[in-house]
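User: I would like to go through this structure and ask what each label rests on. Please set the values against the cut-offs where a conclusion needs them.

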Amino acid sequence: GQPDSPDLRKKIKDDLIDLEVIAQEALSKKLDKQPEVAQIIEITKQNILRNAFAQDYVKNHPIAEDVIKQEYETQKKAVMGRKEYKVAHILVTSEKEAKAISAALKNKASFDKLAKEKSIDPSNKAQGGQLGWTDPSKFVQPFGEAIIRLNKGQISAPVQTQYGWHIIKLDDIRAVQIPAYEEIRASMEKHLQQLALQDAVKALRHNADIK
């Protein structure tokens with residue numbers, strides 16, 4: 001990432017020379033024959049070959065455009081009719097504290113302010129407990145179940161999970177949004193390439209003489 005310059009080129013050249021003379025000296029001392037060194041060299045060689053195989057396989061087995069489009073349509077159908085929920089929460093350690101926060105909220109206290117002051121969830125307390133748009137099934141239960149039972153704008157009673165006590169606010173509900181094909185084509189292609197590569201490795205294992 002550094003800009004090209006005579007000094008940078010000299011440093012690279014010097015580093016390569018140092019690497020070469022050290023390697024030659026190590027070979028002259030037969031350090032590559034030491035069991036622990038030989039093992040590391042072999043593992044490194046295998047990892048390099050594994051990566052080379054993966055790159056070669058992906059290059060020579062491109063995913064057809066119609067296959068990528070079919071995968072996109074399959075994903076669209078899978079989420080059709082499903083809903084996602086925009087939620088926020090306040091997480092505390094005790095039921096007593098959760099009930100006190102619930103009482104304050106009923107008296108029109110600011111959810112955002114209480115989340116910033118009281119929540120012990122470091123990932124979102126600075127954002128007023130916002131979790132963004134999400135699928136309730138991705139949460140531990142009964143947290144996810146509590147989200148589904150809420151109406152838009154409603155705040156839950158305290159809900160206990162393995163992480164502590166939560167007060168959950170449902171801000172909005174909408175149909176699941178799937179990005180346009182052009183936005184996720186590259187990621188879908190990569191996913192399909194990985195699946196094809198996994199199948200190729202399974203075939204190699206099946207045909208190998210493993211003892």
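User: Which residue in β2 is the bridge partner of alanine 88?

Analyst: Glutamine 130 is the bridge partner of alanine 88 in β2. The model is a predicted one, and every value below is computed from it.

User: What makes β1 and β2 a pair?

Analyst: Two strands count as paired if there are at least two bridges between them. β1 and β2 have 4 bridges, in the antiparallel sense, so they pair under that rule.

User: How do you know that β1 and β4 pair, and which residues face each other there?

Analyst: Strand β1 (residues 83-92) and strand β4 (residues 164-175) run antiparallel and are joined by 10 bridges, where at least two are required. Tyrosine 85 has isoleucine 173 as its bridge partner in β4, and lysine 83 has alanine 175.

User: What joins β3 to β4?

Analyst: There are 3 bridges between these antiparallel strands, so the requirement of at least two is met. Threonine 161 stands opposite glycine 164 in β4. The two strands form a hairpin, with 2 residues between them.

User: What is the order of the strands in the sheet?

Analyst: The order is β2-β1-β4-β3, in an open sheet of 4 strands with antiparallel pairing. β2 (130-134) and β3 (159-161) are the edge strands: each has a single partner, so one side of each has no neighbour in the sheet. From one strand to the next, the twist averages 40°.

User: Which helices lie across β1 and β4, and at what angles?

Analyst: Helix α4 (residues 95-106) lies across both strands and runs at about 45° to β4. Helix α5 (residues 111-118) also lies across β1 and β4, running at about 50° to β1.

User: Why is β1 called mostly covered?

Analyst: A residue is buried if its relative accessible area is under 20%. In β1, 8 of the 10 residues are buried.

User: Which residues make up the largest nonpolar core, and which elements supply them?

Analyst: The core has 11 residues: Ala88, Ile90, Val92, Ala98, Ile101, Leu105, Phe111, Leu114, Ala115, Trp165 and Ile167. At least two residues of this core come from each of β1, α4, α5 and β4. Another core, of 9 residues, lies apart from it and includes Ala146, Leu150, Val159 and Ile168. In soluble globular proteins, nonpolar side chains tend to be buried together.

User: What does alanine 98 touch?

Analyst: Beyond residues up to four places away in sequence, alanine 98 touches Val92, Pro158, Trp165 and Ile167.

User: Is serine 102 buried or exposed, and how do you know?

Analyst: Serine 102 has a relative accessible area of 11%. The cut-off for buried is under 20%, so serine 102 is buried. This residue lies in helix α4. Leaving aside neighbours within four places in sequence, serine 102 is in contact with Ser156, Pro158 and Ile167.

User: Is lysine 138 buried or exposed?

Analyst: Lysine 138 has 69% relative accessibility. Exposed means over 50%, so lysine 138 counts as exposed. The residue lies in the loop between β2 and α6 (143-149). Proline 142 is found in the loop between β2 and α6 too, and a cis peptide bond joins glutamine 141 to proline 142, with omega about 10°.

User: What is notable about phi in lysine 30 and lysine 108?

Analyst: Phi is near 60° in lysine 30, a positive value in a residue other than glycine. For lysine 108, phi is near 75°, again positive in a residue other than glycine. Lysine 30 lies in the loop between α1 (6-28) and α2, and lysine 108 in the loop between α4 and α5.

User: Why do these two lysines count as exposed?

Analyst: The cut-off for exposed is over 50%. Lysine 30 has 56% relative accessibility, so it counts as exposed. Lysine 108 has 75%, so it counts as exposed as well.

User: Which residues line the largest pocket, and what is its volume?

Analyst: The volume is about 150 Å³. Gln46, Leu49, Arg50, Phe53, Ala54, Leu197, Val201 and Leu204 form the lining. α2 (35-60) and α7 (181-207) each supply at least two of the lining residues, and the largest share, 5 residues, comes from α2.

Definitions and conventions:
Residues are numbered from 1 along each chain as its sequence is written. This is a predicted model: local features need pLDDT of at least 70, side-chain atom pairs count only at pLDDT 80 or more; totals for chains, interfaces and linings use all residues. Side-chain values use heavy atoms; hydrogens and water are left out. Axes are lines fitted to C-alpha atoms, for helices over the stretch in contact, and angles run from 0 to 180 degrees between N-to-C directions. Contact means heavy atoms within 4.5 Å. A nonpolar core is a set of buried Ala, Val, Leu, Ile, Met, Phe, Trp, Tyr and Cys residues joined through side-chain atoms within 4.5 Å. Buried means under 20% relative accessible area, exposed over 50%, partly exposed in between (1.4 Å probe, protein chains only). On a 1 Å grid over the protein atoms alone, a cavity is a set of points where a 1.4 Å probe fits but cannot get out, and a pocket is an open set with protein on both sides within 12 Å along at least five of seven lines; lining residues have an atom within 4 Å of a point. Grid points are joined across faces, edges and corners, and a volume is the space filled by probe spheres set on the points.
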